[in-house]
Amino acid sequence: MEMLKKLQSTVAQAVTQVSGALPGNPVTREYEVKEHIASAGPGLLWKVYSAVKKSTREEASVFLLEKHLLEQWGRRDREMMLDILRQGVSQLTRLRHPRILTVQHAMEESRESLAFATEPVFASLSNVLGQLENAPSPVPAALRDHQLHQVEIKYGLLQLGQALEFLHSDVKMLHRNVCPDSVVINKSGAWKLAGFEFCQANKASADQPPSWPVAEYDPDVHPLAQPALDFMCPEAALCLAHTPYSDMYSLAALVYAVFTRGGTVFNCAADWYAYKKAMNELKRLPPSRLEPVPAELRETVKLMLNVAPDLRPDAHQFAKINYFDDVGVKTLNYLDSLFQWDNLQKSQFYKGLPQIIPKLPHRVCLYRVLPSLAKEFVNPAMIPFVLPNTMLIAENSSKEEYVEHIMPLIAPVMKLQEPVQILLIFMQRLELLLSKTPADAVRAHVLPLMYRALESNTQQIQELCLSVIPKVGALVDYPSMKNALLPRVKQLCLSTGYLSTRVGCLVCLGKLLPHLDRWLVLDEVLPLLPQVPTREPAVIMAVIGIYKVTLSSDKLGMTKEVMATKVLPFLLPLAIENGLAVAQFDAVMTLVKDLLARVETEHRDKLTQLNAMKDEQQKALNASLAQPPPGQLVGAPGPTSDIDKMFGELGIGGDPSPAPAPIPARSPSGPLANGSSPAGGGASLSLEEKQRRARQQEAAARLSSQPALTSPTTTSSANSSSGSAGRRPPRDLTDSLISSNLNMMARPAAPPAAFPSAAPNYRPGGGAFQSQQPQQQPMFQQQGFQQQSGFQSAGFQQQQQFGMGGPMIGAPGFGRPALMPAPSATGWSQPVPSAGLTPQYNSQQMGLGPQFGQQAGLRPQYGQQSGLTPQYGQQPASKQLSSSEISDLLS
């Protein structure tokens with residue numbers, strides 16, 4: 001922002017100065033005057049401004065003379081000076097030559113100023129040599145730091161010699177004031193002759209030799225109104241005739257001033273008498289005086305400073321000396337005369353120019369060579385010869401110089417389709433274009449150039465573009481890469497008929513991977529690989545390379561899902577291609593093994609984490625169930641499934657999670673077995689809960705009035721003395737039950753009695769059965785039996801038989817018995833459904849199915865409160881039967 005404000009203030013100041021000096025001057029009607037850049041002319045009175053022509057927007061320079069600068073002189077000198085300046089501009093306007101400053105607009109005069117317009121000018125030679133009168137303040141950095149290179153000096157002196165040759169031979173005119181003030185350097189760096197204020201035209205007729213009248217120097221006239229004494233020839237002091245050799249003496253003095261940064265051979269300080277004295281010493285000029293001049297030019301300069309005019313070389317001879325026999329000078333000279341050559345001669349010259357450009361100073365290439373090359377861009381046939389030289393200059397330029405001088409020239413050329421070499425040259429220097437072109441210009445000019453190259457029908461251009469794209473991948477922005485560049489590379493890979501081009505596309509994609517992100521690779525690059533239509537070894541190796549780069553990159557990588565479902569199924573068929581070499585096959589298999597190892601490792605880690613999380617959740621659940629809140633039921637352990645048993649037999653193992661804690665049994669009266677109430681004792685109960693508890697209490701009261709159970713052999717004694725029976729210890733009922741069953745099986749079958757009119761009612765949660773006999777239901781609930789098919793209950797006052805329909809349980813090959821009426825002493829008892837428990841038999845023992853109630857002296861659940869297990873063979877005092885005895889009994 002500060003630089004912008006500074007620039008605005010500088011421009012505003014220049015406009016203010018110009019507007020004050022050019023009020024009403026006609027030059028301002030056609031030219032837009034900008035900043036002050038230099039000064040020129042006699043005494044550097046002309047101020048030079050940069051300008052732009054309003055009609056064509058072409059660059060120009062405006063020379064301005066402010067008349068108030070002459071007010072310090074007398075009127076006669078002032079009028080004389082104005083006449084001389086008008087004469088000089090008028091004479092300059094009539095002359096047209098490449099070595100003479102070109103006037104674009106003739107001088108215009110107003111009451112305050114004189115002004116005329118010329119070609120774009122950098123500065124005068126005096127400004128470059130350090131004379132800065134009437135120069136801008138502060139001095140521009142380009143002018144303050146300007147240093148002339150040897151090739152610039154050589155070619156500048158040659159240009160001045162050619163200008164004098166034109167004046168002397170063609171126009172028959174003497175300049176008479178060749179000095180640094182009269183030499184102007186244009187924007188391209190060419191030296192142009194100007195300052196024709198004191199020129200002398202030929203006065204002889206056409207059929208006579210040319211002659212120029214002698215103009216004597218008047219010491220009484222202001223020095224600026226006469227030629228500079230330091231550069232005036234000796235014959236002017238001797239009042240001899242002026243000849244073209246007079247200008248050659250002035251040119252030699254100018255050569256000395258160039259190499260001494262503005263010095264003179266004799267410093268006269270505008271003193272006529274000092275000048276005459278110096279001219280007398282000219283014959284005895286010491287050789288040391290010319291030491292600043294290069295050795296190859298020193299003898300020529302000494303000869304040009306000779307007192308005798310006839311011994312001085314003329315302009316044509318000066319241009320032919322060995323000092324100008326330089327490759328840089330010849331190159332610049334050829335560039336200035338190219339308009340005279342045909343296309344064949346131009347092409348030969350441009351082919352050799354790349355070897356010369358590195359030897360030239362960069363400023364010369366940028367301001368002298370490049371403008372000459374730019375003139376050929378209008379001729380498409382010459383662009384393939386000119387463009388490589390232009391790109392070579394661009395390589396040595398800074399980014400600012402490239403944007404200002406080169407990009408405006410080549411931007412229109414990038415849109416050309418023919419000749420095809422243009423696109424080829426741009427592809428070769430694509431990295432240079434992207435590195436120096438601004439981002440907006442890249443999207444506008446360079447990227448469309450790449451797209452046209454990929455869509456070209458020329459295989460060489462396509463492959464060259466593919467080889468260059470990876471080098472510039474970092475310079476392409478993400479949207480252009482995703483939406484424009486990658487789709488064209490993929491399309492070319494699938495549609496081309498050349499194997500080398502297809503491999504080049506895959507290699508290009510592999511080299512672009514470091515410049516892409518993970519999702520772009522997974523979405524755009526990897527899905528392309530299975531779509532490649534050919535399976536040549538080169539294509540397979542390129543595909544393998546893409547996968548390896550993706551796997552090895554920390555930025556990219558592939559998920560195990562992609563590796564398992566997409567990559568591995570695609571790679572395995574590639575591994576068995578017959579065209580692969582052994583090393584190529586090994587590379588494919590190495591990648592396959594690597595992918596398998598990655599999938600195995602990642603999935604095992606994932607499963608380990610999931611199982612660990614599941615175990616943690618189960619542990620947390622078990623911990624919460626270990627101490628349930630008051631009144632909360634805990635689920636009983638479920639039966640082990642058949643699948644878990646099968647896995648256990650195979651040694652694989654089922655669910656590693658532990659079984660939940662069993663649910664405590666509930667007493668018939670309602671509270672839990674441990675005596676705690678469901679809701680902590682003080683919680684309110686619902687109406688249904690109260691009714692259920694009332695029924696349980698009634699059933700408990702009826703059961704309490706029943707006598708205790710005894711064995712069948714002691715029923716009569718138990719009925720006569722119930723009190724003493726209750727005090728005897730409980731007997732082992734195993735023998736009695738087995739004997740009862742054997743007796744029942746030995747009895748003849750009797751026809752079944754009629755079943756009761758109503759079917760028994762099954763209560764799922766209680767483990768007992770309810771019939772229509774009112775006293776039988778509470779008795780079974782009070783005793784706590786869980787009836788099991790295949791056994792006969794004993795000791796009941798109202799005896800009920802549970803029969804078996806079918807073979808005995810425990811016989812080999814038999815399934816669950818059907819529920820059928822069993823014979824009893826009083827007839828057929830009512831069939832009761834099984835409670836879901838089956839006895840467990842083995843060769844050593846027989847288990848009992850029923851779980852005896854509280855009156856039998858056993859608790860409802862054996863495993864928790866009585867220490868008994870459902871396998872009755874483990875009880876003490878039980879009779880053990882062998883397998884043969886059991887078989888005999890069952891048969």
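Axes here are lines fitted to C-alpha atoms, for helices over the stretch in contact, and angles run from 0 to 180 degrees between N-to-C directions. Helices (H or I, at least four residues) and strands (E, at least two) are DSSP runs, numbered from the N terminus. The model is predicted: local features need pLDDT of at least 70, side-chain atom pairs count only at pLDDT 80 or more, and totals for chains, interfaces and linings use all residues. Residues are numbered from 1 along each chain as its sequence is written, and side-chain values use heavy atoms, with hydrogens and water left out.

**Exercise 1. Describe how helix 13 packs on helix 15.**

Step 1: take the geometry. The axes of helix 13 (residues 362-374) and helix 15 (residues 399-410) come within 11 Å and cross at roughly 15 degrees.

Step 2: classify the angle. Angles under 35 degrees count as roughly parallel, over 145 as roughly antiparallel, 65 to 115 as roughly perpendicular and the rest as oblique. Helix 13 is therefore roughly parallel to helix 15.

Step 3: assign the hand. A crossing is left-handed if the near helix is turned anticlockwise from the far one by less than a right angle, and right-handed if clockwise. Helix 13 and helix 15 cross in the left-handed sense.

Step 4: list the contact (heavy atoms within 4.5 Å). Helix 13 supplies His362, Leu366, Tyr367, Leu370 and Ala374, and helix 15 supplies Glu401, His405, Ile406 and Leu409.

Step 5: sort by class. Ala, Val, Leu, Ile, Met, Phe, Trp, Tyr, Cys and Pro count as nonpolar, Asp, Glu, Lys and Arg as charged, and the others, Gly among them, as polar. The contact of helix 13 with helix 15 has six nonpolar, two polar and one charged residues.

**Exercise 2. Describe the packing of helix 18 on helix 19 and on helix 20.**

Step 1: start with helix 19. Helix 18 (residues 439-454) and helix 19 (residues 459-468) pack at about 130 degrees, and their axes are 8 Å apart. The two helices are therefore oblique to each other.

Step 2: find the residues. Met450, Ala453 and Leu454 of helix 18 meet Ile461, Gln462, Cys465 and Leu466 of helix 19. The contact of helix 18 with helix 19 divides into six nonpolar, one polar and no charged residues.

Step 3: turn to helix 20. Helix 18 packs on helix 20 at an angle of about 15 degrees, with the axes 9 Å apart. That makes helix 18 roughly parallel to helix 20. The crossing of helix 18 with helix 20 is left-handed.

Step 4: list this contact. From helix 18 come Arg443, Leu447, Met450, Tyr451 and Leu454; from helix 20 come Ser480, Ala484, Leu485, Arg488, Val489 and Leu492. By class, the contact of helix 18 with helix 20 has eight nonpolar, one polar and two charged residues.

**Exercise 3. Place Lys490 in its surroundings.**

Step 1: Lys490 sits in helix 20 (residues 478-495).

Step 2: leaving out residues up to four places away in sequence, Lys490 touches Glu524 and Leu528.

Step 3: the C-alpha atoms of Lys490 and Val532 are 9.5 Å apart, with the two positions 42 residues apart along the chain.

**Exercise 4. Lay out the open sheet of three strands.**

Step 1: the strand order is 6-8-9, and the pairing is antiparallel. Two strands pair if DSSP finds at least two bridges between them.

Step 2: strand 6 (121-124) and strand 9 (191-193) are the edges, each pairing on one side only. The twist from one strand to the next averages 35 degrees.

Step 3: strand 6 pairs with strand 8 (residues 183-186) over three bridges. Ala123 has Ile185 of strand 8 as its bridge partner.

Step 4: helix 6 (residues 150-171) lies across strand 8 and strand 9, at about 25 degrees to strand 9.

**Exercise 5. Explain what the pair Glu32 and Arg57 ties together.**

Step 1: a salt bridge is a side-chain nitrogen of Lys or Arg within 4 Å of a carboxyl oxygen of Asp or Glu. The count is 26 salt bridges.

Step 2: Glu32 and Arg57 form a salt bridge at 3.3 Å, N to O. Glu32 lies in strand 1 (residues 31-40) and Arg57 in the loop between strand 2 (46-53) and strand 3 (59-66), so the pair ties together parts 25 residues apart in sequence.

Step 3: check the backbone. Phi of Arg57 is near 60 degrees, a positive value in a residue other than glycine.
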